[in-house]
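Subject: the structure I promised you

Hi,

Here is the structure we talked about, with the sequence alongside. Have a look at it first, and then read on for what turned up.

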Amino acid sequence: MKKNVLTALTILLCLAAQAQQIQVIVPTPARTVKSSTGSWVVFDTQISSREAFTPKSLEVSGEEGIKYSSSTFEPLRSDSTAFVSYNWVPTSSPETPTQLNLTFLYTVNGQEKELNRAVAVSGESPLEIGFPLRPGIWMAGNAPGPTSEHTKLTVKMKEPSFDSLQQGYVLGHNAQRYAIDFVKLDKQGNLFKNKGASNADWYSYGEEILAAAGGKVISVKDGIPEHQTPGKLDYKITIDNIAGNNVYIDMGKNVVALYAHMQPGSIKVKEGEIVKKGQVLGKLGNSGNSDAPHLHFHVVDTNNIPFAESRNGFYWEGIPYAFPKYTSWGTAPADIWDTDENGNQLVKPFHFQEKEKVKNTIPVNFEVIKIK
Ligand SMILES: [Zn+2]
């Protein structure tokens with residue numbers, strides 16, 4: 001009898017402990033990323049519990065003098081039981097740290113609490129690929145870095161998946177973590193001729209999109225109309241049309257590249273086809289969730305989730321990549337896109353100075369690069 005009471009008590013205590021337990025999960029391994037302006041260790045943390053809590057800060061420390069703190073958390077559930085933080089931890093050393101130490105500070109029922117855990121950093125280098133467009137001057141809009149719009153988009157899964165290694169639930173995935181929106185500039189730094197009021201005014205429009213690496217075409221979507229006026233969406237955006245006309249290419253080892261927002265009817269490859277590096281895939285357009293003609297490009301690890309179960313690729317995880325060489329012309333202001341009420345580009349022309357030749361790096365947010 002006594003033993004039974006004890007067992008029941010133990011179970012109750014375990015349940016109580018579980019209810020309070022906060023889980024800090026890193027949905028995909030932390031990676032070191034080298035850009036033309038510096039290096040980061042990049043990872044997301046998904047923090048969840050069965051009861052409501054208030055996140056305060058995430059402190060990160062590690063080898064090579066790494067010190068970083070963030071107090072920005074975005075809710076993953078409306079009842080304050082899950083949050084995500086997107087961490088771009090600057091590192092000045094060329095050495096890749098092997099591990100970071102996290103201290104998460106939060107309050108629950110008015111009580112301040114602390115949770116510590118270690119995060120392993122992958123020693124894998126970013127994947128080296130070719131440039132997905134023809135030579136020219138290209139701006140890397142919304143490119144990797146802590147300020148990019150792309151990097152902060154976790155798509156929640158219908159059912160969280162249990163990660164037995166981390167002993168916690170992965171709530172969603174961030175496929176666009178290292179995505180870039182490529183837009184072409186002329187030599188004077190203009191995005192378009194005339195007033196940019198039609199797609200054809202934009203220098204990017206109709207540019208050929210090239211396979212950044214060889215592989216197998218695993219999905220082609222075509223037939224989505226283009227928006228006729230840059231800056232104006234002609235139809236509602238859903239998860240099914242968000243990438244517009246697009247191609248997914250499996251480059252091997254669960255690594256897949258996405259080429260999005262293409263012109264309808266321009267796609268030259270078929271599902272199942274094997275393509276070579278540099279092969280023309282189609283034409284740059286203004287379909288899907290697109291403000292103006294541009295190529296959205298990103299690379300993901302599928303984590304063995306087949307395309308059919310990947311919610312159009314949004315359950316995959318963005319991984320870093322690098323272009324072999326380009327010339328950096330500096331960084332454009334974020335309002336380069338903005339126009340006045342008459343449709344005139346607000347800041348122009350840009351007098352970009354040829355700055356430096358860089359190798360094996362990824363462009364940062366609004367960096368203007370020249371590809372030879
Ligand atoms: Zn994009």
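Let's start at one residue and work outwards. Leaving aside residues up to four places away in sequence, Val-358 touches Ser-36, Lys-325, Tyr-326 and Ser-328. Before going further, please keep in mind that this is a predicted model.

Val-358 itself sits in strand β24, which covers residues 356–361. Is Val-358 buried or exposed? It is buried: 21 other C-beta atoms lie within 10 Å of its own, and 20 or more is what it takes to be called buried. As for Ser-328, that residue is 30 residues away from Val-358 along the chain, yet 7.0 Å separate the two C-alpha atoms.

Now the chain as a whole. It has one helix and 25 strands. The radius of gyration is 23 Å, close to the 21 Å that the globule rule gives for 372 residues, so the chain is as compact as a globular protein of that length. If you want a feel for the dimensions, the C-alpha atoms fill a box of roughly 85 × 45 × 45 Å along the principal axes. Of the 372 residues, 43% count as buried. Contacts reaching along the sequence are worth a mention too: taking those with a separation of 6 or more, 72% are between residues 24 or more positions apart.

The chain is divided into two domains, with domain 1 at 22–125 and domain 2 at 180–371. Their centres, taken over C-alpha atoms, are 29 Å apart. How many residues of each domain are in contact with the other? Eight residues of domain 1 meet 13 residues of domain 2. On the domain 1 side, the touching residues split into two nonpolar, four polar and two charged.

Next, an open sheet of four strands. Its order is β5-β4-β8-β9, and the pairing is antiparallel. The edges are taken by β5 (66–70) and β9 (111–120); each has a single partner strand, so one side of each is left without a neighbour in the sheet. On average, neighbouring strands here are turned by 15° against each other, ignoring direction. Within this sheet, β4 (residues 54–62) and β8 (residues 99–108) run antiparallel and are joined by eight bridges. If you'd like a pair to find on screen, look for Glu-59, which stands opposite Thr-103 in β8.

The other spot to look at is strand β18 (residues 255–262). Why can β18 be called largely enclosed by the rest of the structure? Seven of its eight residues are buried, so the strand is largely enclosed.

β18 pairs with β17 (residues 245–250) in the antiparallel sense, over five bridges. Those two strands form a hairpin with four residues between them, where Gly-252 takes a positive phi near 100°. β18 also pairs with β21 (residues 295–301), again in the antiparallel sense, and here there are six bridges. Ala-257 of β18 is a handy residue to click on: Ile-249 stands opposite it in one pairing, and Val-299 in β21 stands opposite it in the other.

That's what I have so far. Shout if anything is unclear when you open it up.

Cheers

Note on methods:
Residues are numbered from 1 along each chain as its sequence is written. This is a predicted model: local features need pLDDT of at least 70, side-chain atom pairs count only at pLDDT 80 or more; totals for chains, interfaces and linings use all residues. Two strands pair if DSSP finds at least two bridges between them. Axes are lines fitted to C-alpha atoms, for helices over the stretch in contact, and angles run from 0 to 180 degrees between N-to-C directions. A residue is buried if 20 or more other C-beta atoms lie within 10 Å of its own, exposed if 12 or fewer, and partly exposed in between; C-beta atoms are placed from the backbone. Domain bounds come from an automatic or database domain assignment. Two residues are in contact if their C-beta atoms, placed from the backbone, lie within 7 Å. Ala, Val, Leu, Ile, Met, Phe, Trp, Tyr, Cys and Pro count as nonpolar, Asp, Glu, Lys and Arg as charged, and the others, Gly among them, as polar. The radius of gyration is taken over C-alpha atoms; the globule rule is 2.2 Å times the number of residues to the power 0.38.
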